[in-house]
Amino acid sequence: MQEVGFKNPAASLEAHGLKNWKTAYWNLSPEELVEHSIQKGMGRLADSGALVISTGEFTGRSPDDRFIVKDSITANKVHWGKVNLPFEARKFDQLWRKACNYLKKKDVYVRDVAACASANPDFRMNIRVLTELPWSNQFAANMFLRPERAELAAFDPEWTVLCVPGLKADPATDGTRQHNFAILNVKKKRLLIGGTGYTGEIKKGIFSVINFVLPTQTKDTLPMHCSANVGDNGDIALFFGLSGTGKTTLSADPNRPLIGDDEHAWGPGEVFNFEGGCYAKTIDLTEEKEPDIFRAIRHGAILENVTFFEGTRRVNFADRGITENTRVSYPIHHIENAVSPSRADGNPRNIFFLTCDASGVLPPISKLTPEQAMYHFISGYTAKVAGTEVGIKDPKLAFSACFGAPFLPLHPAKYADLLGSKLRRSKANVWLVNTGWSGGPYGVGSRIKLAFTRAMITAALRGDLNLVDFEEHEVFGLAMPVECPGVPYEILNPRNTWADKKAYDDKAHWLAGEFAKNFAKFADQVKPEILAAGPRQVEPA
C-alpha cells in the first residue's frame, strides 16, 4: 500500500473501512486526474481540452434505487414513500464492507471537499469522497467547494462518500432492488454509491443530505433546488424550474453575476451556493444559445456521454445516440460572470417559478401572494415536452414538489412552511412565469418567445411591474399585469390569445382539476390558507 498526494497527516483510510488498497491518490490536481483517466483508457480529450468520458450503463440517476437508512434519526423525520425508500442499517454496513473489500489491491482516489459557501462556518460541511475512478474524483473536485492547501493539511471530514461503479450488488443478499444503488446513512454520515458510473448520483446524494440536515438542525435556513444571480445593487433573484423550463438560460444574464446554477440555501440574511461548480445539460448546445456554458467547456471540464464528429475531436452536441442527458461538469470559475465566493448578502428580492405549460392556460407572467407561492411551490408544475426525457413525444404533465421532489427527504410541507415564513418577513416578490405555450395548447398554439420572457423577467427585476395594474385570472386567481415593457399587451392574459374562448375555459378548468388531484396528497399536511390559494373549483359556463 502506498499514498500519493497532499493530505492531513493524521488522515487514515482505515478509519473509513478501507484496507490493503494498491495506491491511494490524495487530492490530485485536475491535470493529474485527467492524465490518469487517459492512461487507464477511460477518457479522451476534446478539441476544447475537456475530458470526454462514458458513464456506462447508466446515463442518468436511478430514482428507484436510491435509499435512506431507516434508524432512530430518520424513522420519524423522513417522508417515506416512493421517493424516500427505507434501507436496513445492517444491510448498509454489510454493503459498505463489501465495497471496501472490492477496493482491495485497487487504486483509490481520495478528494477532500466541502459544501455550503455560507459566511456562517457552522453551515460548512466537510466531505471526503473516495472513488474507484479518477474521473469520478475529478467530478467531485469540479462540483464541490475546494479547500485551500492550508485547510487540507488539517481537514477533518464530517461526511464520507464511497463511490464504486464497478461493484454490482446482489439484491438477494444485499437488500437492493437491482445491482446499482445509492444509499444515505444519516446516523453514520455516509453516502454509498455502486453499480453506476453516473456522476450525478454523487452530486444529488449530497444535495439530499443537505436537504435533510439544514431544516432539521436550523430554524431559518431553506435548502432550494434553484439557480440564483445578483444585480449590481445587491438584489438577489432565484429561479426555480424543472427540466425544459429555461432555468439555466434565464438565470444566465450578462448583467447579473451568477451565484450558482442548481443548489442553494436561503439562510439568515444571505443566499449561498451548496456547490463550487455547475453540472449542465449539453444536448443541442451552441455558443449562440448558451455562451457561458459553451465557453466553460475547456480543460478541467468533464463531458459525459457525448460523441465526436467522425475523424475529429470536435464534440457533436446534437448527437442523441448515447442519451438525451449529455452533461458537462466544470468549476464555477469557468463562468466569467460568476460571484466568488458563491454567495450574496441579503434576502431575495424576486423569486421566479418557471413552468413550461403545454396546455397554453397559464399567463406568461403573474404575481403570487405568499399563500399562492407556497401552493405552487409544493405543486412544482410543468409539462415535459420532446427533448426533456427519452421517449417523450407528446407533452406530459409533471408535478415535482418544491421543484425537486427526488431530493427531498422531508415532507414538502416542511420546506413550504420555511418558504412562507421567509416570504412574509422579506416581502420578496414571487412570480409564476410560463415559458410554454400561448394561443392554444401544444400543437395548436405557439411557444412564448424567449425575448418576451426575458423582457418580463427584466421588468420584474427592475421594478417596472410595480407601476402597472393587474387583473385576476378567473380560474387560477393569479394577478396578471395588464402591460409590460417590450411585450405585446394582448398576450399577458392567455385567454385573449385563444381564438376559441370556450376551448380556453374548458382547458383552464381541466388543468385546475389536475392541480387539485395532485395536491390532494398534501392536503392533510398544509394549512387551510395554502389549500385555499389553489385554483378555484368552479364549473365552466
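**Close-up views of a predicted model**

**View 1. Overall surface and dimensions of the predicted model.** About 21,700 Å² of the protein is exposed, and carbon and sulfur atoms supply 50% of that area. The model is predicted. Along the principal axes, the C-alpha atoms fill a box of roughly 75 × 55 × 45 Å. The radius of gyration is 23 Å, which agrees with the value near 24 Å for a compact globule of 541 residues. Of the 541 residues, 59% are buried. The secondary structure consists of 13 helices and 31 strands. Considering contacts between residues at least 6 apart in sequence, 72% join residues at least 24 apart. The side chains include 64 positive and 62 negative ones, and the centres of these two sets are 5 Å apart.

**View 2. The largest nonpolar core and the surroundings of Ile127.** This core has 100 residues, and Ile127, Leu238 and Phe353 touch the most other members. Helix H6 (residues 200-217) contributes the largest share, eight residues. A second, separate core holds 27 residues, including Leu18, Ala24, Phe87 and Val164. With residues up to four places away in sequence not counted, Ile127 touches a run of residues made up of Arg111, Asp112, Val113, Ala114 and Ala115. The other residues touched by Ile127 are Phe144, Phe155, Pro157, Trp159, Val161 and Ile206.

**View 3. Helix H3, residues 134-143.** Ten of the ten residues of helix H3 are buried, so the helix is largely enclosed by the rest of the structure. The buried residues include Pro134, Trp135, Phe139 and Met143. Also buried in H3 are Ser136, Asn137, Gln138 and Asn142, together with Ala140 and Ala141.

**View 4. Phe317 and Asp284, two loop residues in contact.** Phe317 is located in the loop between strand E20 (315-316) and strand E21 (327-331). The relative accessible area of Phe317 is 12%, so this residue is buried. Apart from neighbours within four places in sequence, Phe317 is in contact with Thr282, Ile283, Asp284 and Leu285, and also with Phe294, Ile297 and Leu303. The C-alpha atom of Phe317 is separated by 42 Å from that of Ala11, a residue 306 positions away along the chain. Asp284, one of the contacts of Phe317, sits in the loop between strand E17 (277-281) and helix H8 (291-296). Asp284 is not a glycine, yet its phi is positive, at about 65°. With a relative accessible area of 26%, Asp284 is partly exposed.

**View 5. The loop holding Gly43.** Helix H1 (30-39) and strand E3 (44-45) are the elements on either side of the loop that contains Gly43. Gly43 has a relative accessible area of 15% and is therefore buried. Not counting residues up to four places away in sequence, Gly43 touches Ser37 and Ile38, as well as Leu51, Val52 and Ile53. From Gly43 to Asp64, the C-alpha to C-alpha distance is 29 Å, for a sequence separation of 21 residues.

**View 6. The cis peptide bond at Ser340 and Pro341.** The peptide bond that joins Ser340 and Pro341 is cis, with omega at about -5°. Pro341 is placed in the loop between E21 and strand E22 (343-345).

**View 7. Lys427, a residue with positive phi.** Lys427 is found in the loop between helix H10 (412-426) and strand E27 (429-434). Phi of Lys427 is positive, near 60°, and the residue is not a glycine. The relative accessible area of Lys427 is 65%, so Lys427 is exposed.

**View 8. Thr249 in helix H7 and its sequence-distant contacts.** Thr249 belongs to helix H7 (residues 247-251). The relative accessible area of Thr249 is 19%; because buried means under 20%, Thr249 counts as buried. Leaving out residues up to four places away in sequence, Thr249 touches Glu290, Leu450 and Arg454. One of these contacts, Arg454, is 205 residues from Thr249 along the chain, and their C-alpha atoms are separated by 9.7 Å.

Definitions and conventions:
Residues numbered from 1 in each chain as written. Predicted model: local features only at pLDDT ≥ 70, side-chain atom pairs only at ≥ 80, totals over all residues. Heavy atoms only, no water. Helix = DSSP H or I, 4+ residues; strand = E, 2+ residues; numbered from the N terminus. Rg over C-alpha atoms; globule rule 2.2 N^0.38 Å. Buried < 20%, exposed > 50% of the residue type's maximum accessible area, 1.4 Å probe, protein only. Contact = heavy atoms within 4.5 Å. Areas by Shrake-Rupley, 256 points an atom, 1.4 Å probe, with all protein chains shown as cover. Lys, Arg positive; Asp, Glu negative; His and termini not counted. Charge placed at Lys NZ, Arg CZ, Asp CG, Glu CD. Core = buried A, V, L, I, M, F, W, Y, C linked by side-chain atoms within 4.5 Å.
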